[in-house]
Structure formats: structure tokens, C-alpha cells
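I opened the model to look up a few local features and wrote down what I found. The entries follow in the order I made them.

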Amino acid sequence: MKALVWHGVGDVRVDTVPDPELLNPNDAIVKISATAICGSDLHLLDGYQPSMVKGDILGHEPMGEVVEVGSSVKTLKPGDRVVVPFVIACGQCFYCRKGLYAACDNTNPNAGMAALAMGYSPAGLLGFSHLLGGYAGGQAEYLRVPFADVGPQRIESDLPDEQVLFLSDIFPTGYMAAENAEIEEGDTVAVWGCGPVGQFAIQSAWMMGAGRVYVGLLDKLPFGAAMNKGLTLKMGQTHVQRYMGDLLGKIESGEIDPSFVVTHRAPLSDAPELYKTFRDKKDGCIKVVLNP
Ligand SMILES: [Zn+2]
Ligand SMILES: [Zn+2]
């Protein structure tokens, strides 16, 4: 198959690589119909996140059609159309049972390495370096999805890919940020950063009843002001699985059309050029959808 492969700092190419295969009974194989480039991919491209290895396949915002399932997969079957969350979660551990999927204890086989670097390991993540499991990503024609019963969101309506694709990451990510802010009806809300995730934080704030939303393009958090105003800081990797169903409902009801965030559409073969365009555009206000 064709896939976007990391060759070294600043060097990604579309290569022909072996198709993924079922490795475990809970795996599924998905034929990718649409997949996006994320700002986080630039951190991997440029080597800001250590532990990328030549040959790694990038991409953590994919969707497509299930073409094969392992023997223990119960909720998916070939032919299902799914959006795949970037967080890989077991569904069984202490954290998963509390809905804290991004803190899953069981899906990062390199948890010790992540703990050394960050103090504690998050869940394994698709297409996100060996520190986070070394899982091949979804900027490819096919993707192996581990723990396929915990996460992939079936799409039964005929909504186009662009309206549902961002359930894989940035819509839940912006939504969780707004939820963390405990917005009440009429509140004034400030959002720092207005790239694609910021855009979804803004839209989510409106959906939660914000009266006013200010966008700041600062790259620093005002810690002094936060302390002096007695603010609480909340942070976290997105518990994508927790939000996908509810947010799909908001898309299906017409409350939001996430495709407003798309700026570029291209075939997978153009991905290396688009990575360069993205990196050169410093404000981050770009969202590329690739169709393998
Ligand atoms: Zn992302
Ligand atoms: Zn878990």
C-alpha cells in the first residue's frame, strides 16, 4: 500500500510499504477514505518529539471502511464505515472504566520510555512515535486498529467524510477544552490559539451557552494573572472515545458542521508538499484532508 513515511527530521515521503495485517484477535483493518494532517504531525516531522524511527507511518485522524476483523471483535464487521479515534484504549483498566481513555494503562507497550520522558505514560496513540507505542498511523491506504471494540465510531448516516472525520481528534479535543472550562450560560470565554483545535473550542463554547468568546493569538499562558485571579488550570490528552457518540449526534442534528475547518483537500501523494506548506505557515490556521 501507499503510506506517508517518516525518513528523518523534515523528510516525509509517500512510499510503498507492506499492507497491515491482523496481529491480535481484537484488531481490525480499515481501508482509509479520508485522513487529516494535524499540528501534532509537525512536531513529529521536525523531531521535537523524540523516538521517531525511519519508516514510521504518520497520521492519527483517519476514517474509512472496515475490511477485516480479528476473531474477538464483536462490535464491527467488514463493510462498516468508521471514524477511528487517535487514542488507543483497552476499555478494561481503572482509567478506561472511568471514561479516562487517554490515560489507559494497557495500550502503550513503551510506557517505561514515556514515563522517563514525561513522568507518566498516557495511552498508546496512533501514528505518534515510539514513545507512545510505535503504532503505524492512518495517512495510508490501510490502517491496523488495535482494540477495535473500544473507540471506532460507526457512521450509519450518509454524511460526507469531511463532516465526521474530525471526530477522530480535533472536534473532541476542542470540546473537552471547553468542557474543562465549566462554561455557564452567558459566560465570557477566552480561547488562546485559533488553529483548528481552537476553532472547535470556540464553537463548543458557543454550543455550551457562552455569551462572548474572545480569541487570543498568544503563545504563552498568563500564569501570573491566572494565579492572581485564583483560576484553576485543567489539562489532559483528549478522552476521544468519551465524546465521539454525543458529538456525532450534534453533527447529525445539524447543530454543527465541522467541515468549516477544512482549508486544503488533496490526494495522499501530495502529502509531503502539504507538510511543507503547513510548516511554513506559522499561524497554524490550516487543515488538510487527504484522500488515499
Ligand atoms: Zn491531531
Ligand atoms: Zn485501558
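**Entry 1: Trp6 and the hairpin**

I looked up Trp6 first and found it in strand S1. Strands here are DSSP runs of E with at least two residues, helices are runs of H or I with at least four, and both are numbered from the N terminus. This is a predicted model, so I noted its limits: local features need pLDDT of at least 70, side-chain atom pairs count only at pLDDT 80 or more, and totals for chains, interfaces and linings use all residues. Residues are numbered from 1 along each chain as its sequence is written, while chains are lettered from A and ligands numbered from 1 in the order in which they are written.

Is Trp6 buried or exposed? Trp6 is buried, because 23 other C-beta atoms lie within 10 Å. The cut-offs I used: buried means 20 or more other C-beta atoms within 10 Å of the residue's own, exposed means 12 or fewer, and partly exposed is in between, with C-beta atoms placed from the backbone.

I then listed what Trp6 touches, not counting residues up to four places away in sequence: Val12, Leu44, Met52, Lys54, Asp56 and Leu58. Contact means that the C-beta atoms of two residues, placed from the backbone, lie within 7 Å. Lys54 is 48 residues from Trp6 along the chain, yet their C-alpha atoms are separated by 5.6 Å.

Next I checked the partner of S1. S1 (residues 2-8) pairs with strand S2 (residues 11-16) in the antiparallel sense, over six bridges. Pairing requires that DSSP finds at least two bridges between the strands. Gly8 stands opposite Asp11 in S2. The hairpin has two residues between its strands, and Gly10 there takes a positive phi near 75 degrees.

**Entry 2: Asp46**

Gly10 came up again when I looked at Asp46. Leaving aside neighbours within four places in sequence, Asp46 is in contact with Val9 and Gly10. Asp46 sits in the loop between helix H1 (39-45) and strand S4 (62-69). I count Asp46 as partly exposed, because it has 13 other C-beta atoms within 10 Å. I also took one long-range pair: Asp46 and Arg279 are 233 residues apart along the chain, and 9.2 Å separates their C-alpha atoms.

**Entry 3: Val289**

I moved on to Val289, in strand S13 (residues 288-291). Val289 counts as buried because it has 20 C-beta neighbours inside 10 Å. Apart from neighbours within four places in sequence, Val289 is in contact with Ala34, Ala36, Glu162, Leu165, Val262 and Arg265. Asp270 lies 19 residues from Val289 along the chain, with 11 Å between their C-alpha atoms.

**Entry 4: two positive phi values**

Most residues other than glycine have a negative phi. I looked up two that do not. Phe147 has a positive phi of about 50 degrees and is not a glycine. I found Phe147 in the loop between strand S8 (142-145) and strand S9 (153-154). Phe147 is buried, because 26 other C-beta atoms lie within 10 Å.

Glu182 also has a positive phi, near 50 degrees. Glu182 lies in the loop between helix H5 (170-180) and strand S10 (188-192). Glu182 is exposed, because its count is 10 other C-beta atoms within 10 Å.

**Entry 5: helix H5**

Glu182 comes just after H5, so I turned to that helix because of its cover: nine of its eleven residues are buried, and H5 is mostly covered. Among the buried residues are Ile170, Thr173, Gly174 and Ala177. What covers the buried residues of H5? Helix H6 (196-207) and helix H8 (240-252) are included.

I then took the geometry of H5 and H8. Their axes come within 9 Å and cross at roughly 100 degrees. Axes are lines fitted to C-alpha atoms, for helices over the stretch in contact, and angles run from 0 to 180 degrees between N-to-C directions. That makes H5 roughly perpendicular to H8. The classes are roughly parallel under 35 degrees, roughly antiparallel over 145, roughly perpendicular from 65 to 115, and oblique for the rest.

From H5, the contact uses Phe171, Pro172, Tyr175 and Met176; from H8, it uses Val240, Tyr243, Met244 and Leu247.
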